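Here are my notes on this one, in the order I went through it. Have the viewer open while you read.

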Amino acid sequence: MGMKERIAEIHEAMLRELAGTDEMKSLEALRVKVLGKKGDLTALLRSMGQLSPEERPAAGALINEERERITALLEERAQTLKEMARKEALKRETIDVTEPVTMPAIGSEHPVTLVMNEMIDCFTGMGFEVVEGPEVELDHYNFELMNIPKNHPARDAQDTFYVDDNIVLRTHTSPMQARTMLTRKPPIRVICPGRVFRADEVDATHSPVFHQMEGLVIDKDVTMADLRGTLNAFAEYVYGKGITTRFRPSFFPFTEPSTEVDLTCAACHGKGCRVCKGTGWIEVLGGGMVNPKVLEMCGIDSSVYSGFAFGIGLERIAMQRYGIPDMRLMYEGDVRFLGQFR
Ligand code: PHE
């Protein structure tokens with residue numbers, strides 16, 4: 001058999017096997033079988049020794065051409081196999097976008113959080129800074145520095161959760177007045193939102209845990225008119241135009257004079273309705289001029305500085321604002337209720 005025929009035979013055999021390769025492994029095996037050290041074409045090259053010197057160059061050229069053709073064919077097949085594998089992988093990894101999915105439930109902010117954030121926006125817009133303090137508080141700050149002496153009825157074990165003789169769960173955010181005055185120099189303008197605790201029975205308008213936002217301003221020449229202006233601005237910011245405040249005389253040991261503050265009923269705009277029990281007003285906060293005795297106890301010269309303070313009940317505001325009839329709804333964590341505030 002001549003060289004050309006041998007080459008043609010190898011070529012044919014190689015083509016047949018090439019079509020049968022279905023992965024890189026079998027393709028590599030084929031390469032070794034034909035072009036490897038012990039491969040068919042290599043064997044043919046070795047057999048050239050039996051040819052006469054005149055025949056050798058032509059035979060060598062033929063074999064080399066065939067080697068190149070085979071190399072090209074193998075390379076082409078490799079590309080095809082790669083492409084097939086890629087298509088196969090894509091098919092396997094395809095995501096069926098029409099398949100129905102279950103959406104994760106999206107949470108919502110609690111009405112108290114909503115009201116709190118809105119009030120923070122309002123007061124920081126007026127130059128107040130937000131401060132926070134401990135919920136487990138020393139009697140000293142919660143009562144003593146707030147001018148509530150040992151025998152005051154507000155300290156009654158009925159109202160206050162005592163941790164021990166000197167430590168309480170804060171009954172209001174007012175201890176932050178003392179903490180702020182003791183660590184800062186006037187002018188002071190802070191608000192302090194947070195949780196407070198009282199040993200109250202749970203009912204539609206009471207809870208042993210609720211929220212307040214304290215406000216404190218200390219500067220030269222601060223008057224009750226500044227308190228009024230600040231709270232009027234707050235009323236309009238939170239409830240809208242036409243909502244104003246009404247001050248009623250009251251008493252707190254830490255303010256003098258003290259006031260209970262009502263807002264125009266937002267439900268009827270002051271005309272009188274069920275929400276405000278016909279009065280046109282809703283009571284939402286207490287306030288007053290910081291008692292000079294408190295200023296002095298907290299290291300502020302009351303002959304130079306004066307100030308006002310207020311404490312707003314956040315649950316009250318939220319209930320009024322969103323028409324929530326029962327305070328307990330806000331602590332039960334029922335998503336059907338909470339989901340309404342999205
Ligand atoms: N701390 C008072 C309360 O809990 C509210 C208040 C704060 C009153 C600041 C006057 C000044 O009822």
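1. Starting with internal space: this is a predicted model, and it holds one cavity of 30 Å³ or more. The largest cavity contains about 40 Å³ of space.

2. What lines the largest cavity? Going by residue, you'll find Val 131, Met 176, Gln 177, Thr 180, Val 190, Cys 192, Glu 214 and Leu 216 around it. Three elements give two or more residues each to that lining: helix 7 (175–183), strand 4 (188–197) and strand 5 (209–219). Helix 7 has the largest share, with three residues.

3. As for chemistry, the lining of the largest cavity splits into five nonpolar residues, two polar ones and one charged one. Glu 214 is among the lining residues, and it counts as charged, so keep an eye on it when you look at that wall.

4. Now the ligand. There are 14 residues around it, and the ones that come nearest are His 172, Ser 174, Arg 198, Gln 212 and Gly 311. By class, the shell around the ligand has four nonpolar, eight polar and two charged residues.

5. Which side chains make polar contacts with the ligand? His 172 puts a polar side-chain atom 3.0 Å from a ligand nitrogen. Ser 174 has a side-chain N or O atom 2.9 Å from a nitrogen atom of the ligand. Gln 212 instead faces an oxygen atom of the ligand, with a polar side-chain atom 2.9 Å away. On its own the ligand would expose 330 Å², and the protein buries 90% of that.

6. Where does the shell come from, in terms of elements? Strand 5, strand 8 (281–290) and strand 9 (306–313) each supply at least two residues of the shell around the ligand. Strand 9 gives the most, with three residues. Strand 5 turns up in both places: it contributes to the ligand shell and also gives two or more residues to the lining of the largest cavity.

7. Last, the charged pairs. How many salt bridges does the structure hold? The count is 19. One of them joins the side chains of Arg 246 and Asp 262, at 2.9 Å from N to O. Arg 246 sits in strand 6 (residues 245–252) and Asp 262 in strand 7 (residues 255–264), so this pair ties together parts that are 16 residues apart in sequence.

Notes:
Residues are numbered from 1 along each chain as its sequence is written. This is a predicted model: local features need pLDDT of at least 70, side-chain atom pairs count only at pLDDT 80 or more; totals for chains, interfaces and linings use all residues. Side-chain values use heavy atoms; hydrogens and water are left out. On a 1 Å grid over the protein atoms alone, a cavity is a set of points where a 1.4 Å probe fits but cannot get out, and a pocket is an open set with protein on both sides within 12 Å along at least five of seven lines; lining residues have an atom within 4 Å of a point. Grid points are joined across faces, edges and corners, and a volume is the space filled by probe spheres set on the points. Helices (H or I, at least four residues) and strands (E, at least two) are DSSP runs, numbered from the N terminus. A residue is near a molecule or strand if one of its heavy atoms lies within 4 Å of it. A polar contact is a pair of N or O atoms within 3.5 Å; within protein, one must be able to donate a hydrogen and the other to accept it, and residues adjacent in sequence count only if both atoms are side-chain atoms. Accessible areas come from the Shrake-Rupley method with a 1.4 Å probe; for residues, only the protein chains shown count as cover. A salt bridge is a side-chain nitrogen of Lys or Arg within 4 Å of a carboxyl oxygen of Asp or Glu.
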